[in-house]
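Work through the exercises below with the sequence and the structure open. Each task is followed by a solution in steps.

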Amino acid sequence: MPSSKDCVVADNIVKGTSGTLVTLPSGSTVKYEGNITFGGTAGIPARNVDPKLVKDAAGLFRLTSGSPAIDTGVGSYPYAAKDFDLQARSGTFDVGADEYFASGTTRVPLTKADVGPAAP
C-alpha cells in the first residue's frame, strides 16, 4: 500500500517562461512518467519539447496538429478517460488535459453570460 507521501506525476504539460517549472516537497516518493516541460528548467524527469499549444477563443490551451504530446501518454490511468472537454480519450492518450481531435465540436467552459436569469 502506498504511503500518503507516495504520488504519481504523469502525462502533464508544464509550460513557463523561465526558472524551475515544478518543485515537490522533500521526502515524497514520486513516480514521474510521460510529462512534457517547456520554457524553463523542468525540475522533474520530463521531455523538454515545445508542446505546440494554441489558446482558443475561450482562453483554453489546446494541442495543435504536430504536437509531440499527441498519442504519447504513458501508463494506465482509467480515471483520466475523458479530457477537460469531457471528450472520451481513445487509443494511446495524449499528454496534457486536452485530447487532440482534428475535427469536430469541442466543449467550452460556461461564462457568466451563459448562466443565470439573463442567460440566452
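A residue counts as buried when its relative accessible area is under 20%, as exposed when that area is over 50%, and as partly exposed in between. The model used here is predicted.

**Exercise 1.** Classify R62 as buried or exposed, and state which element holds R62.

Solution.
Step 1. R62 is found in strand β7.
Step 2. The relative accessibility of R62 is 9%.
Step 3. The cut-off for buried is under 20%, so R62 counts as buried.

**Exercise 2.** Find the salt-bridge partners of R62 and place them in the chain.

Solution.
Step 1. A salt bridge needs a side-chain nitrogen of Lys or Arg within 4 Å of a carboxyl oxygen of Asp or Glu.
Step 2. R62 and D56 satisfy this with an N to O distance of 2.7 Å. The 2.7 Å approach of these two side chains is also a polar contact.
Step 3. D56 has a relative accessible area of 21%, so D56 is partly exposed.
Step 4. R62 also forms a salt bridge with D85, with the closest N and O atoms 2.5 Å apart. This pair links distant parts of the chain: R62 lies in strand β7, D85 in the segment after β7 (61-63), and they are 23 residues apart.
Step 5. D85 and R62 are both buried.
Step 6. Salt bridges link D56, R62, D85 and D98 in a network.

**Exercise 3.** How many salt bridges does a search of the whole structure find? Describe the one that joins E33 and K31.

Solution.
Step 1. The search finds five salt bridges.
Step 2. One of the salt bridges joins E33 to K31, and the closest N and O atoms are 4.0 Å apart.
Step 3. E33 has a relative accessible area of 15% and is therefore buried.
Step 4. K31 has a relative accessible area of 45% and is therefore partly exposed.
Step 5. As background, side chains of opposite charge can pair when their charged atoms come close.

**Exercise 4.** Give the strand order of the open sheet of three strands, and identify its edge strands.

Solution.
Step 1. The order in this open sheet is β2-β4-β5, and the pairing is parallel.
Step 2. β2 (13-15) and β5 (47-48) each pair on one side only, which makes them the edge strands.
Step 3. Strand β4 (residues 36-38) runs parallel to β5 and is joined to β5 by two bridges.
Step 4. Opposite I36 stands R47 in β5.

Methods
Residues numbered from 1 in each chain as written. Predicted model: local features only at pLDDT ≥ 70, side-chain atom pairs only at ≥ 80, totals over all residues. Heavy atoms only, no water. Buried < 20%, exposed > 50% of the residue type's maximum accessible area, 1.4 Å probe, protein only. Helix = DSSP H or I, 4+ residues; strand = E, 2+ residues; numbered from the N terminus. Polar contact = N/O pair within 3.5 Å; in protein donor to acceptor, adjacent residues only side chain to side chain. Pairing = 2+ DSSP bridges.
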